[in-house]
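Let's take a walk through this one together. Have the sequence and the 3D view open as you read.

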Amino acid sequence: MKESLMDVICCPLDKAALELDVDEADDEEVLAGTLTCTECGETYPIEDGIPNLLPPDMREEAAA
Amino acid sequence: MTGGGDEGDGENGHDGGDLAALRGADDATVYQPAEDSGLLAEAAIEEAHGRVLEVGTGSGWVAERVATERDLDVVGSDRNPHAARQARERGVEAVVADLLSPFREDAFDAVCFNPPYLPTDPDNEWDDWMEHALSGGESGRELIEPFLADVGRVLAPDGVVLLLVSSLTGYDEVLALVEEAGFDHEAVVEESFPFETLTVLALRRA
């Protein structure tokens with residue numbers, strides 16, 4: 001994901017702003033990292049350049 | 001996602017559920033572009049402006065066409081991680097998400113959605129990714145309802161929603177939901193196929 005995506009995404013649970021922690025990036029994009037809700041503290045992973053912003057209960061289902 | 005005559009199977013009288021089952025018969029996990037995708041892309045290329053979101057982007061084909069032909073910033077979201085990966089491989093900014101839930105207020109000037117719309121008998125659901133891509137539940141409107149209830153939140157004040165509607169889903173029922181959500185509607189493109197008529201509606205705040 002490009003860092004500009006931060007302008008349009010929020011926590012799916014409470015719509016609060018997210019904080020970006022970058023683990024791995026190239027010149028254009030964040031490839032791995034974590035998005036953390038500044039309000040409820042829920043975390044959302046960024047893997048292979050794709051943020052997973054499913055609410056936690058749906059994320060479990062998607063992994064099955 | 002029309003049942004189209006390309007394969008020439010010549011079978012008539014399928015209801016939506018059977019049609020969904022037919023389309024789900026292969027083991028693919030991501031919905032690939034079909035007639036409905038082409039119509040949505042045509043409408044989006046014509047009507048979209050500014051920052052664009054495609055909900056349920058699937059393979060990312062529509063999002064990619066809008067980004068390329070109109071040179072716009074397009075985000076493609078899908079609840080299927082396999083779909084998000086395919087969309088990203090096409091160069092689309094991809095997000096795994098449930099409908100509109102992780103997007104900010106007033107964030108997009110255009111929102112496109114080709115919903116899973118085939119009415120499906122609950123006893124006949126097959127519970128895999130392709131079902132999520134095709135089935136709109138018993139009414140065919142199971143995802144259209146929450147989408148319309150929330151899309152006004154993420155849409156900028158002069159924004160436009162491009163929604164693909166199939167006659168299988170109940171055109172008048174969808175229009176009623178659109179009006180209930182406070183939007184004016186206009187049919188931008190329309191095409192008839194053997195099993196269904198597909199319309200792309202442009203919705204703007206009434």
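What follows goes from the overall make-up of chain B to its sheet, then to a few residues, and ends with chain A and the contact between the chains.

A quick word on ground rules: this is a predicted model, where local features need pLDDT of at least 70, side-chain atom pairs count only at pLDDT 80 or more, and totals for chains, interfaces and linings use all residues. Residues are numbered from 1 along each chain as its sequence is written, chains are lettered from A and ligands numbered from 1 in the order in which they are written, and side-chain values use heavy atoms, with hydrogens and water left out.

**Chain B at a glance**

Chain B has seven helices and seven strands (DSSP runs numbered from the N terminus: H or I with at least four residues for helices, E with at least two for strands). Follow the sequence and you meet them in the pattern α-α-β-α-β-α-β-β-α-α-β-α-β-β. There are 206 residues in chain B, and 53% of them count as buried (buried is under 20% relative accessible area, exposed is over 50%, and partly exposed is in between, using a 1.4 Å probe and protein chains only). The chain exposes about 8,500 Å², with carbon and sulfur atoms supplying 42% of that (a Shrake-Rupley value with a 1.4 Å probe; for residues, only the protein chains shown count as cover). Among contacts in chain B between residues at least 6 apart in sequence, 65% join residues at least 24 apart (a contact means heavy atoms within 4.5 Å).

UniProt, in an unreviewed entry, places the feature "domain: Methyltransferase" at residues 52-115 of chain B (positions are given in the numbering used here, feature names are shortened, and annotations may be inferred rather than shown by experiment). That span is 30% helix and 30% strand, and its end C-alpha atoms lie 16 Å apart.

**The sheet in chain B**

In what order do the seven strands of chain B line up? They form an open sheet in the order S3-S2-S1-S4-S5-S7-S6, with mixed pairing (two strands pair if DSSP finds at least two bridges between them). The edge strands are S3 (93-96) and S6 (183-192) of chain B, each pairing on one side only. From one strand to the next, the twist averages 20 degrees (axes are lines fitted to C-alpha atoms, for helices over the stretch in contact, and angles run from 0 to 180 degrees between N-to-C directions).

Start at the S3 edge. Strand S2 (residues 74-78) of chain B runs parallel to S3(B), and four bridges join them. Here B:Gly76 stands opposite B:Ala94. Helix H4 (residues 81-89) of chain B packs on the sheet and touches S2 and S3 of chain B, its direction making about 175 degrees with that of S3(B).

Now hop to the S6 edge. S6(B) and S7 (residues 197-205) of chain B pair in the antiparallel sense over nine bridges, with B:Phe183 partnered by B:Arg205. The two strands form a hairpin with four residues between them.

**Three loop residues**

Are these loop residues buried or exposed? The table has the values.

| Residue | Loop (chain B) | Relative accessible area |
|---|---|---|
| B:Leu100 | S3 to S4 | 1%, buried |
| B:Ala107 | S3 to S4 | 9%, buried |
| B:Pro194 | S6 to S7 | 66%, exposed |

Leaving aside neighbours within four places in sequence, B:Leu100 is in contact with residues including B:Leu53, B:Val111 and B:Phe147. B:Ala107, not counting residues up to four places away in sequence, touches A:Val8, B:Arg51 and B:Val154.

**Chain A and the contact**

Chain A has an open sheet of four strands in the order S1-S2-S3-S4, with antiparallel pairing. S1 (18-25) and S4 (50-51) of chain A each have a single partner strand, so one side of each has no neighbour in the sheet. Two bridges join S3 (residues 43-47) of chain A to S4(A), and A:Glu47 has A:Ile50 as its bridge partner.

Between the chains, 26 residues from chain A and 21 residues from chain B make the contact. The buried area is about 1,900 Å², of which carbon and sulfur atoms give 57% (buried area is the accessible area, with a 1.4 Å probe, that two parts lose on being put together, summed over both). In chain A, A:Val8, A:Ile50 and A:Met58 lose the most area to chain B, together 29% of what that side buries.
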